[in-house]
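Okay everyone, thanks for coming. I'll put the structure up and then walk you through it, beginning at the metal.

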Amino acid sequence: MGPTFLRLQSLSELVKTIYNLHPEAKYVGMFDMNVPLVVIRDPELIKSIALKHFDSFMDHRSFINEDQDPLFGKNLFALRGEKWRQVRSLLSPAFTSSKMKNMFKLMSACGAKFGNYLAQLPPEQRILEVKDVFTRYTNDVIATCAFGVSVDSTKNPKNEFYVYGKEATVFNTIAFIKFYIFRSFPWLARLINLKIIRQKITDFFRDLIETTIKTRDENGIVRPDMLQLMMETRGKEGKAELSTDDMVAQAFVFFFAGFDSTSTLMSFAANELAINQDVQDKLRKEIDQVLEETNGQAPYEAINSMEYLDAVINEALRMYPIAIASDRVCVKDFELPPALPGLKPFVVKKGHGIWIPTYGLQHDPNYFKEPEKFDPERFFGEQKKDNLNCGAYIPFGLGPRMCIGNRFALLETKVILFQLLARCDLKTCEKTPNPIKIAKNSFNIKPEGGFWLKVLPRKDTHHTIATNHSRKLLITFFKFRVVCVSCILSLYYLLFKDLNYFKKHGIPYVKPLPIVGSMKSTFLRRESIPDFIKSVYNLYPDAKYIGLYDVKNPIIMLRDPELIESVTLKHFDMFMDHISFVDKNQDPVFGKNLAALRGERWREIRSILSPAFTSSKMKNMYKLMFDCGVDFGSYLAQLPPEERIMEIKDVFTRFTNDVIATCAFGVKVDSMRNRKNDFYVYGTEATNFTGNFIFLKMYILRTLPWLARIFKLTFVRKEIANFFRELVKTTIKARDENGIVRPDMLQLMMESRGKDGKTELTIDDMVSQAFIFFFGGFESMCFAAHEIAINQNIHKRLQNEIDQVLEDTNGRATYEAVNSMKYLDAIINEALRMYLVAVVLDRLCLKDFELPPPLPGIKPFTIKKGHGIWVPVYGLHRDSKYFEEPEKFDPERFLGERKKDNSDDFNESSNIYLSFGFFFRLDNM
Ligand code: HEM
């Protein structure tokens with residue numbers, strides 16, 4: 001097998017070469033490593049071994065110890081002797097025709113979903129790697145049929161099922177080496193505790209099965225799937241019981257086989273259909289015929305009796321047998337007839353193996369004329385029977401040990417090809433392999449370069465499914481009309497609402513427009529929000545405050561520092577809450593966080609959380625942050641030269657992500673190495689405020705809350721909320737069960753439970769608080785890095801200070817040492833002054849409150865209960881009255897004597913520096 005191990009020859013080519021070595025022989029000998037192996041060429045002999053003498057050749061050669069890798073070692077394929085018999089007879093009922101009929105509905109629904117998804121792809125995405133799409137389909141089907149779990153890989157392309165399944169079924173170089181060690185040096189595999197499947201993946205599948213079993217047991221749920229059959233073995237007298245590990249292993253092998261092999265078959269078939277347009281046309285006609293006859297319903301019986309579809313799939317399986325060869329191990333000495341006339345019979349010894357060279361047989365011109373030609377006709381009409389029964393067609397193996405899932409695989413493939421070709425045309429593109437060359441770098445059969453095709457929506461979709469389309473269009477149109485009417489009504493309200501509120505009171509104000517209020521420039525994307533705040537702030541340089549409209553709500557923007565202090569400190573009780581725009585019942589993750597809470601509830605939660613931010617707690621968290629920081633620093637320092645130019649925000653986001661994960665959620669994440677971890681993906685999505693869709697969503701949430709309620713619009717997507725909710729739930733459970741105590745925020749919240757006189761926090765409350773960390777201002781970090789890079793003198797001076805600290809602390813950079821770095825502190829303060837995250841702070845007026853006149857000669861003005869105030873922090877921070885040369889990045893202003901003047905201490909003379917908010921509602925981050 002040298003050339004295959006050296007990647008000079010694909011496994012399929014190797015099998016074919018060996019098969020063709022002695023065309024007259026019934027079998028040939030070879031070595032698999034050091035084990036003698038007989039490759040059986042003669043179909044009659046194969047049948048005799050696999051059927052008549054099955055008892056002598058019952059098992060596969062298994063090389064993975066079940067204790068070492070239970071997922072691989074305990075599954076049906078690997079099981080031996082009696083244990084195999086028991087498990088096989090137990091699982092067989094899951095694959096009967098009646099079970100297939102039940103599963104057909106699930107497959108059909110998935111198939112139609114994928115067909116529609118592909119038909120609706122935008123033009124620029126029409127060239128695609130179809131294996132990926134088919135794998136997502138098989139993923140969803142197997143998830144529901146074997147695991148009883150519903151997954152939608154079109155909507156959630158990064159679901160764990162798919163990600164882990166893909167990783168577990170890729171046979172790349174590392175897997176290749178692992179297999180080699182397992183087969184050739186099992187002692188070494190044991191010694192280094194080698195596993196084919198990563199522990200995390202094993203754990204994922206085990207957890208999933210365990211939880212599903214537990215939920216079904218507890219709630220008496222019964223589902224007609226494979227898991228259920230396995231569960232029912234428990235506690236039955238005379239029947240072997242399956243342990244959870246056994247069940248996990250079986251479910252996994254279904255997943256493994258269902259996920260990759262079947263999608264490979266689909267991909268080869270699709271590829272050949274694109275190359276052979278005549279075959280595609282004929283198949284499409286058959287599909288349209290079925291749609292016509294069944295009025296678009298295409299039930300199980302109809303699809304199963306499609307002769308040409310069956311022929312196309314059979315031919316794809318002939319040319320590209322996913323299992324290139326099958327094996328058996330000889331369990332007692334067995335005499336083979338002579339390999340060639342004149343030779344002696346040969347005895348296969350117990351423990352030695354045989355191979356059935358499927359690929360060689362199925363490409364042999366003696367059995368299949370022009371074997372390299374894709375020709376479904378050989379499995380159609382008269383010829384079908386002969387070719388199927390010639391003895392050389394064995395894509396699913398043969399005998400009692402043949403593939404248990406063959407019906408399932410065939411049905412699943414029929415369904416997707418049917419649904420796909422009913423809606424789409426498959427065409428070749430530049431990258432389509434034609435003719436297909438099998439890749440040498442993989443154990444799995446696949447073409448060099450992948451399966452690239454162009455998928456176009458059909459122009460002549462059969463009217464029965466086109467009608468469904470129009471019905472859907474009609475519903476969409478109706479929904480659209482509802483939205484339009486709602487919008488017109490709200491527009492009417494906004495247009496005729498009193499826009500002269502401030503004018504009437506003689507207050508300097510920014511002229512509003514209907515719908516957008518005073519914020520036209522930001523709506524038209526002509527001005528950023530910080531610039532808008534600054535320009536409003538600068539509009540009346542002498543006024544103590546200015547009126548404006550936040551869309552339709554009257555807002556008073558306070559300009560005068562004294563007045564800001566009075567309102568937010570002295571009269572805090574009247575301006576306690578933020579203007580919140582998310583309903584806490586509708587969007588608990590966003591609506592229940594500290595920033596959104598009001599009144600007494602806010603006070604309670606704030607007092608629970610405050611201890612999490614004392615200096616001593618910070619000192620504990622410092623260690624966690626420090627470790628993350630060291631990790632990031634080293635990672636960046638070691639990047640190869642071609643990766644040294646980077647988008648720094650991405651890096652900082654990953655850093656803060658890891659810090660939040662450990663400090664707020666108590667979970668360890670490594671976002672630089674594991675770049676697509678759920679924590680990062682969901683966290684960044686939840687905190688992404690860019691894009692027109694988000695803008696529109698915010699607008700509706702803020703301005704038309706009733707519409708948001710009707711559409712159940714949430715700020716944080718349900719799936720993201722669920723992810724964090726589950727995370728917090730599991731962490732709490734693990735801590736409760738194992739008595740784990742960690743010095744983090746979650747722990748403090750957990751401790752509030754069951755305490756007399758203290759309010760209990762629900763899971764949603766806790767998730768919401770932990771979640772707010774994501775909104776912590778890491779943007780300022782990016783700006784700081786940017787300014788440091790531009791100002792090399794600052795860069796040098798900071799590095800000197802860092803080196804000094806390393807020198808003084810012998811490289812340990814303790815909490816105290818880092819905290820007393822004056823220049824570092826000044827840089828961060830200056831970055832926060834210039835590039836603060838909360839460019840404006842808001843409060844809600846809780847009872848009517850009289851403000852002094854905004855300008856001399858004007859009457860005092862009473863701000864009404866329910867109206868809001870804004871503190872234009874961005875404007876204040878960029879006002880030359882308070883900060884000399886405000887547009888200059890100058891850390892010196894936060895050093896020595898000047899620091900005092902510019903500091904954030906309200907007892908000092910200046911109260912302008914408001915990067916973290918003010919007084920009680922000081923920003924938590
Ligand atoms: C195109 C798709 C598939 C192909 C080509 C395929 C092919 C095979 C082959 C050749 C064998 C070995 C048979 C032998 O040694 O005689 C096998 C075994 C097996 N296959 Fe499949 N298979 C496919 C899909 C599936 C699916 C979807 C499932 C499960 C849902 C599945 C589950 C199994 C299991 C559990 C075994 C081991 C059976 C035993 O040892 O008793 N396969 N398959």
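So, let's start with the iron atom of the ligand: its only protein donor is C403, through SG, at 2.3 Å. Keep in mind as we go that this is a predicted model. Where does C403 sit? You'll find C403 in the loop between α18, residues 382-388, and α19, residues 406-423.

Now let's widen the view to the surroundings of the ligand. There are 28 residues around the ligand, and the ones that come nearest are W84, R88, R328, R401 and C403. Three of those names come back when we look at the ligand's oxygen atoms. The side chain of W84 has an N or O atom 2.7 Å from an oxygen atom of the ligand. For R328, again counting N or O atoms of the side chain, the distance to a ligand oxygen is 2.7 Å. And R401 has a side-chain N or O atom at 2.8 Å from an oxygen atom of the ligand.

Which elements give two or more residues to that shell? They are α5 (81-91), α13 (244-275), β4 (326-329) and α19. If you want one helix to look at, pick α13, because that's the one that gives the most to the shell, with seven residues.

What about the classes of residue in the shell? We have 18 nonpolar residues there, along with seven polar and three charged ones.

Let me take you back to helix α5 for a moment, since E82 lies in it. Is E82 buried or exposed? E82 has a relative accessibility of 52%, and the cut-off for exposed is over 50%, so E82 counts as exposed. For a sense of distance, take E82 and M58, which are 24 residues apart along the chain: their C-alpha atoms are separated by 9.9 Å.

Okay, zooming out to the whole protein. The secondary structure comes to 40 helices and 15 strands. The protein has 925 residues, and buried ones make up 51% of them. Then there are the contacts: of those with a separation of 6 or more, 71% are between residues 24 or more positions apart. As for the outside, the accessible surface is about 44200 Å², and carbon and sulfur atoms account for 57% of that.

If you take one thing back to your desk, make it the iron atom of the ligand, with C403 as its only protein donor. That's my tour, thanks!

Terms used:
Residues numbered from 1 in each chain as written. Predicted model: local features only at pLDDT ≥ 70, side-chain atom pairs only at ≥ 80, totals over all residues. Heavy atoms only, no water. Donors = N, O, S within 2.8 Å, 3.2 Å for Na, K, Ca; no water. Helix = DSSP H or I, 4+ residues; strand = E, 2+ residues; numbered from the N terminus. Near = heavy atom within 4 Å. Polar contact = N/O pair within 3.5 Å; in protein donor to acceptor, adjacent residues only side chain to side chain. Nonpolar A, V, L, I, M, F, W, Y, C, P; charged D, E, K, R; others polar. Buried < 20%, exposed > 50% of the residue type's maximum accessible area, 1.4 Å probe, protein only. Contact = heavy atoms within 4.5 Å. Areas by Shrake-Rupley, 256 points an atom, 1.4 Å probe, with all protein chains shown as cover.
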